[in-house]
Amino acid sequence: MKYLKSVNIVAIIMVVAMALGAFSSPVAAADSDPNKPGEMPTIKTQTVHDQSNENTASDKTAFGGDVFNLGWYERPFDQDMNYLPFIDLQTVLMNRQDPNWVYVKMSMVNAIEEGADSKPLYGLEMDTDLDNRGEFLITVTAPRGTEWATDGVTVLSNSDNMIGGVKPVLADTNPYEGKGYDTEVFKSGEGDDPNLVFARMSPSDPKTLEIAFKHSFVGGAKGKYMWFPWAMVGMQDPTKMEFNDHFSRDEAGSPIKTEGKYYPVKAVWGVDNTGRVPSGFEPTGLMPGLIESLQPKPQ
Ligand SMILES: [Ca+2]
Ligand SMILES: [Ca+2]
Ligand SMILES: [Ca+2]
């Protein structure tokens with residue numbers, strides 16, 4: 001009897017704690033381990049929605065959202081325009097409230113496990129000095145376990161500071177053969193910081209992959225950067241980024257039937273990303289490729 005009573009008290013305390021949690025920071029500094037991520041905090045999460053193609057896939061066309069000139073891709077299709085829903089980005093969350101970690105959750109239309117044979121990569125590209133040229137590309141192999149791990153996690157940087165060619169973000173007029181992401185900063189726990197980036201499958205959702213990287217890597221808690229997610233099966237070569245410089249629109253193809261001669265996807269197939277997302281600042285001047293919801297509206 002005494003035992004039962006104490007269980008009830010514990011249960012009540014837990015309910016009170018959960019209720020309080022809604023009004024206070026869910027992660028206290030003391031709870032955050034600087035060497036291993038935990039759970040993503042639940043407040044102040046940035047949410048990015050991407051087009052998804054489950055309703056148009058049977059017609060072998062993307063729903064939309066593929067704008068070659070802006071580097072927006074909506075190509076979760078193979079070269080026969082068969083649909084690859086396990087790389088079709090649907091929702092991407094970023095949370096910076098933890099004192100040590102930036103958390104990202106990337107959710108696809110279908111379970112990531114479905115794509116195991118295709119060896120998909122999921123990742124993030126980041127422009128950390130806001131010149132529209134990317135500095136870092138994080139890629140993560142999947143499927144993987146639900147424990148945080150560094151195996152198969154890679155961070156690349158670029159040695160010529162020419163990501164994006166003559167016109168960053170936008171398709172160059174002439175093919176531009178820059179070096180792309182050619183320099184390894186971190187691989188499977190090897191690097192200056194062996195705990196720089198971790199990844200796991202979501203323990204609660206097989207459609208969701210989670211990445212956590214250290215704030216300190218991107219300017220600390222107040223760091224300002226542009227970021228956007230990638231899911232890749234066909235074109236996975238980081239030295240060919242940005243794709244709209246290395247490939248002409250003709251060579252890259254298009255997933256949208258109404259784009260006529262460009263259809264279907266050709267060299268640049270099996271990739272999905274979103275527009276560019278600002279974090280830690282409000283973009284003022286023109287930043288090409290911003291996600292649609294932040295594009296200046298015509299007056
Ligand atoms: Ca997309
Ligand atoms: Ca940059
Ligand atoms: Ca360019």
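Begin by selecting T45, which counts as partly exposed because its relative accessibility is 28%. The structure on display is a predicted model. T45 is found in strand β1. Show the surroundings of T45, leaving aside its neighbours within four places in sequence, and the residues in contact are M40, L93, M94 and N95. One of these, N95, offers its side chain for a polar contact with the side chain of T45, at 2.9 Å. Then add Q97: its C-alpha lies 8.2 Å from that of T45, although 52 residues separate the two in sequence.

**First calcium ion**

Next, select the calcium ion (ligand 1). Its protein donors are D50 (OD), D50 (OD), Y73 (O), E74 (OE), D272 (OD) and N273 (O), at 2.2 to 2.9 Å from the ion. Along the chain, the donors of this calcium ion (ligand 1) follow the spacing D-x22-Y-E-x197-D-N. Two of these residues, D50 and E74, link distant parts of the chain: D50 sits in the loop between β1 (45-49) and β2 (74-75), E74 sits in strand β2, and their positions lie 24 residues apart in sequence. Colour D50 and E74 by accessibility, and both are buried. The angles among the 6 donor atoms of the calcium ion (ligand 1) run from 47 to 168 degrees, and the site is irregular.

**Second calcium ion**

Move to the calcium ion (ligand 2). The protein donors here are D127 (OD), D129 (OD), D131 (OD), R133 (O), E135 (OE) and E135 (OE), lying 2.1 to 2.4 Å from the ion. In sequence, the donor residues of the calcium ion (ligand 2) are spaced D-x1-D-x1-D-x1-R-x1-E. Within this set, R133 and E135 are buried. The site of the calcium ion (ligand 2) is irregular, with angles of 55 to 175 degrees among its 6 donor atoms.

**Salt bridges**

Now display the charged side chains; the structure holds 8 salt bridges. Select E210 and K105, whose side chains meet in a salt bridge at 3.7 Å, N to O. E210 belongs to strand β11 (residues 208-214) and K105 to strand β4 (residues 101-108), so this pair ties together parts that are 105 residues apart in sequence. E210 counts as buried because its relative accessibility is 3%, whereas K105, at 23%, counts as partly exposed.

Go on to D193 and K214, where the side chains form a salt bridge at 2.9 Å, N to O. D193 is placed in the loop between β9 (190-191) and β10 (197-201), and K214 in strand β11, so the pair ties together parts that are 21 residues apart in sequence. With a relative accessible area of 23%, D193 is partly exposed; K214, with 11%, is buried.

The last pair to select is R276 and E242, with a salt bridge between their side chains at 2.7 Å, N to O. This pair also links distant parts of the chain, with R276 in the loop between β13 (271-273) and β14 (277-279), E242 in the loop between β12 (225-232) and α2 (243-246), and their positions 34 residues apart. Both R276 and E242 are buried. To finish, select E39, K105, R200 and E210 together: salt bridges that share partners join these residues into one network.

Technical notes
Residues numbered from 1 in each chain as written. Chains lettered and ligands numbered in written order. Predicted model: local features only at pLDDT ≥ 70, side-chain atom pairs only at ≥ 80, totals over all residues. Heavy atoms only, no water. Donors = N, O, S within 2.8 Å, 3.2 Å for Na, K, Ca; no water. Tetrahedral: all angles 85-135°; square planar, octahedral: opposite > 155°, others 65-115°. Helix = DSSP H or I, 4+ residues; strand = E, 2+ residues; numbered from the N terminus. Buried < 20%, exposed > 50% of the residue type's maximum accessible area, 1.4 Å probe, protein only. Contact = heavy atoms within 4.5 Å. Polar contact = N/O pair within 3.5 Å; in protein donor to acceptor, adjacent residues only side chain to side chain. Salt bridge = Lys/Arg side-chain N within 4 Å of Asp/Glu carboxyl O.
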